[in-house]
Every structure is written in structure tokens, then in C-alpha cells.
Amino acid sequence: MKKICVLLLIVCTVLWICGCSAPAPQPAESGFVLTVADCTITMGAEAAPILAALGKPVTVTEEASCAFDGTEKTYRYEHFCLTTCPVNGAEIVCRVWFTDDSLSTAEGIRIGSSRDAVAQTYGGDVFKDDGLCVLNRGESSLTILLTNGAVTSVQYALIIK
């Protein structure tokens, strides 16, 4: 009986320790991830810790959400904008887009990159409609727009189902 109790105690302790450990890192294939000034931004993540890490935005605007009940907020920073949406009482990240060429995707694409660079990075035939590239990964998408053969827009978005 003592052996069973000891074994049960060991099993419970191991389960408790596993439950208290940090969550396993998400594989890159689970969605697109953007890193800005050592802050990792994932679509669908709770916005509060990300906004705290990014610091004070240049401006914040609010508008009624078309996709969710409540208000969307757009935080404009020096080189990008981040929009949050209300979901189940929490503010989550639903979109990020670059406003200049100082940021790049994890794979190195930025505003001003060439069509060839995008094709080499994401695959040869990634463009639709002569300048639009939409890539889906997990619950997020990456949209790259070209004008005259150069990237003019980079946007990450949460895929809303």
C-alpha cells in the first residue's frame, strides 16, 4: 500500500510540475510572426502584453468593428500600425501593417523589395492579379502588394472564420 501511495504521489507531482511549466513554443508553421524591437507579435494573441512591450504609440484611433461586437483600436507606431479587435472580453491583435521600409518580414521582405525577391522567398508563383500575394499560415495571413515591380504594402492579418 505504501508503494502505491508513493507512486501516486510521484505521478501527481510530475503532473503538477508539467502544468506549471511554460507553454511549449508554437512552431513557425502555426502562423506568421512579426518581431519588432524584441517584441513578438502573433495574430490572435492577447494585445495587452504586446502593447505594453511596444510602448506608447504615436496615435490611437477607435471605430466600430465590422467583424466583431465592439470597438477596434488602431495603434500607430513610428514604422507600423497594429489593430486590435474585441473577442470574448479581451483585446486581441487582428492586423499589423508596415508604414515604411524599416521593418521586414521574418524572411526579409520589406516595402521596396523586388517582385523577384518575394518570388524567391515565398515561392515562384505566389502572385495573383499581377501584384497581389496572399499567403495563409495557420490562423494568419500575410498580404504583399506590388506596384511597378516593387513591394508597396506588407500586412499581417488574423483569418476570421
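## The disulfide

A disulfide here is a pair of cysteine sulfur atoms within 2.5 Å. With that in hand, take a look at Cys85 and Cys94 in this predicted model: their sulfur atoms sit 2.2 Å apart, and the two form a disulfide. The torsion about their S-S bond is about 65 degrees, so the disulfide is right-handed. The structure holds one disulfide, and both of its partners, Cys85 and Cys94, are buried.

Cys85 belongs to strand β5 and has a relative accessible area of 1%, which is under the 20% cut-off for buried. What does Cys85 touch, once neighbours within four places in sequence are set aside? The contacts are Phe68, Glu72, Ala90, Glu91, Ile92 and Cys94. Phe68 lies 17 residues away from Cys85 along the chain, with 6.9 Å between the two C-alpha atoms. Two further cysteines to look up are Cys39, buried at 6% relative accessible area, and Cys133, buried at 0%.

## The overall layout

Stepping back, the protein chain has three helices and ten strands. Read from the N terminus, the order is α-β-β-α-β-β-β-β-α-β-β-β-β. The chain is 161 residues long, and 32% of those residues count as buried. Its accessible surface is about 10000 Å², with 57% of that belonging to carbon and sulfur atoms.

Among contacts in the chain with a separation of 6 or more, 37% are between residues 24 or more positions apart.

## How far to trust it

The average pLDDT of the chain is 82, and 82% of the residues score at least 70. Residues 1-29 are another matter: pLDDT is below 50 there, and beyond near neighbours in sequence this stretch has three contacts in the model. Where pLDDT is low, the predicted coordinates should not be read in detail.

## Strands β5, β6 and β10

Back to the strand that holds Cys85. β5 runs antiparallel to β6, and eight bridges join the two. If you want a register mark, Thr84 stands opposite Val93 in β6. The hairpin of β5 and β6 has two residues between its strands.

β6 also pairs with β10, again in the antiparallel sense, over three bridges. Here the register mark is Arg95, which stands opposite Ala157 in β10.

## Two loop residues with positive phi

Most residues other than glycine have a negative phi, and most peptide bonds are trans. Which residue in the hairpin of β5 and β6 takes a positive phi? That would be Asn88, with phi near 50 degrees. Asn88 is in the loop between β5 (80-87) and β6 (90-98), and Asn88 is exposed, at 80% relative accessible area.

Ala37 is another residue other than glycine with a positive phi, in this case near 45 degrees. Look for Ala37 in the loop between β1 (33-36) and β2 (39-42). Is Ala37 buried or exposed? The relative accessible area of Ala37 is 72%, and exposed means over 50%, so Ala37 is exposed.

## Helix α3

Helix α3 covers residues 115-122, and its buried residues are Val118, Ala119 and Tyr122. Why do they line one face of the helix? Viewed down the axis of α3, they fall within an arc of 100 degrees, so they share one face. An α-helix has 3.6 residues a turn, so residues three or four places apart point the same way. On the face of α3 turned away from the buried side you'll find the exposed residues Asp116 and Gln120.

What covers the buried residues of α3? The cover includes β7 (127-128), β8 (132-137), β9 (140-147) and β10 (150-158). β10 is also the strand that pairs with β6.

Either side of the helix, two glycines are handy landmarks. Gly108 is found in the loop between β6 and α3 and is partly exposed, at 37% relative accessibility. Gly108 and Val118 are ten residues apart in sequence, and their C-alpha atoms are 9.1 Å apart. Just after α3 comes Gly123, with a positive phi of about 115 degrees.

Note on methods
Residues are numbered from 1 along each chain as its sequence is written. This is a predicted model: local features need pLDDT of at least 70, side-chain atom pairs count only at pLDDT 80 or more; totals for chains, interfaces and linings use all residues. Side-chain values use heavy atoms; hydrogens and water are left out. Helices (H or I, at least four residues) and strands (E, at least two) are DSSP runs, numbered from the N terminus. Buried means under 20% relative accessible area, exposed over 50%, partly exposed in between (1.4 Å probe, protein chains only). Contact means heavy atoms within 4.5 Å. Accessible areas come from the Shrake-Rupley method with a 1.4 Å probe; for residues, only the protein chains shown count as cover. The arc is that of the directions from the helix axis to the C-beta atoms. pLDDT is the predictor's confidence in each residue, from 0 to 100. Two strands pair if DSSP finds at least two bridges between them.
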